[in-house]
Structures are given as structure tokens and as C-alpha cells.
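Got your viewer open? Load the model below and keep the selection box handy.

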Amino acid sequence: MTHATLSTASSLITQFSWPELTGLKVLDLACGSGRNGLWFLSQGCEVTFIDQDLSALAELTHDKAHQWQWNLEDGSAPPLPQESFDIVLVFNYLHRPLFPQIAASLKSGGLIVYETFTWQQAQIGRPRNPDFLLTENELQSVFANWQPLHYFEGRLSDAAGTESAKAQLIARKP
Ligand SMILES: C[S@@+](CC[C@H](N)C(=O)[O-])C[C@H]1O[C@@H](n2cnc3c(N)ncnc32)[C@H](O)[C@@H]1O
């Protein structure tokens, strides 16, 4: 694990006031570089990384890291294991048919941590395809009966000053 990778974890994660994380089971769905899951690995969690392309994690060897190279959209992957994770991370990825599986993969009391683009992103940049853009308050609707710990919807600036339109949700499964 490199410090460069750790430093790129989302501020939603690095600034949230987490309880004791050691030993928790975390899923980083559509993980890309794994930047967010790697942060949880550094906190002593057991982290499962899923993506159709895990080449960015080729160098990662850690007894608490699991890598599942799955295509989540073409029907080739098994369903996500149910009631298995304490925390599920989904960043910059939206495939609506997965919402029920994502919810089912969390244990009761577990946390969904979701951040991705909203419909307003189409006015300022990519992605513009509505299939990849949340509608207004969509995350709140999908996880409606969950206990919200954090919700944001609006414009965010990254470290380079680039603006994006995003929604963020951290919510606890009943
Ligand atoms: C914009 S990147 C976000 C990566 C990471 N979550 C982050 O925020 O740094 C979207 C990720 O979704 C993955 N992805 C896209 N379609 C996928 C599919 N059908 N199955 C699995 N992963 C997919 C891509 O490989 C890519 O790593």
C-alpha cells in the first residue's frame, strides 16, 4: 500500500467521525484504484475490492484484502453476499439494478457510504448520461427507511478546484 494512494481517499471518508473500525468488514464496490478501500485497510478493516478491472491493485498483497474481479452489469457475477459487510462504499458509480443487492449485502446496523454524480452534473461536465446520474434526492429515497448520518446534495470542489455536482449519503441499515 502506498501513501500516495492513501492520500487520495475521499474527504467524505477521511473527515467522517468513525467508530472503532478495527476488524470491520468493508466492501469497496466498483473500487477503481481502491483509494477508499485502502484507507479502511489502513485502519485495520478487512476489505473486499470489487471492480471489472482490478489492475490498479495488482501490487496489493495483504492478508485482510480480498479482490474480486467481477463485471457487475453483464450477469456474469454472482450476487453480492448477503448480510456480510459492516460498511459498503460506492463512489462515482451508479448501476441502479444493484441497489437491492447493495442494501442486502450490509449487516443490520451496517453503513452505506455512497457518493456519486447528480443530474446537475450534466450542466457542468461528464458524465451526462442520465443512467449514471442520480435524480434529486434519489439516494434518500432508495435508503428511505435507513437512519441517515450524513446527507449532502450540491456542488463539491476537489483538491484541484474542479467542481462537480454530487450527492453523498451515509446511512445505517435498520
Ligand atoms: C469512475 S470509476 C470510480 C472508482 C472508485 N469508486 C473511485 O471513486 O475512485 C468507476 C469504476 O466503476 C468500474 N465499473 C464500471 N462498470 C463496471 C462493471 N460493469 N462492473 C464492475 N465495475 C465496473 C470501473 O472499472 C471503474 O473502476
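By class, how many nonpolar, polar and charged residues make up the shell around the ligand? Select the ligand and its surroundings: the shell has five nonpolar, five polar and four charged residues (nonpolar is Ala, Val, Leu, Ile, Met, Phe, Trp, Tyr, Cys and Pro; charged is Asp, Glu, Lys and Arg; the others, Gly among them, are polar). Of those 14 residues, Ala30, Gly32, Gln52, Glu73 and Phe91 come nearest; a residue is near if its C-beta atom, placed from the backbone, lies within 6 Å of the molecule.

Some housekeeping: residues are numbered from 1 along each chain as its sequence is written. This is a predicted model, where local features need pLDDT of at least 70 and side-chain atom pairs count only at pLDDT 80 or more, while totals for chains, interfaces and linings use all residues.

Now color by pLDDT, the predictor's confidence in each residue, from 0 to 100. The protein chain averages 95, but residues 1-5 stay under 50. Where pLDDT is low, the predicted coordinates should not be read in detail.

Next, pick Val26, Ile87, Val88, Leu89, Ile112 and Val113, which touch the most other members of the 38-residue largest nonpolar core. Such a core is a set of buried Ala, Val, Leu, Ile, Met, Phe, Trp, Tyr and Cys residues joined through C-beta atoms within 7 Å (buried: 20 or more other C-beta atoms within 10 Å of a residue's own, these atoms being placed from the backbone).

Finally, center on Val88: leaving aside residues up to four places away in sequence, Val88 touches Leu27, Leu29, Ile102, Ser105, Leu106, Ile112 and Val113 (contact: C-beta atoms, placed from the backbone, within 7 Å).

Methods
A residue is buried if 20 or more other C-beta atoms lie within 10 Å of its own, exposed if 12 or fewer, and partly exposed in between; C-beta atoms are placed from the backbone. Two residues are in contact if their C-beta atoms, placed from the backbone, lie within 7 Å.
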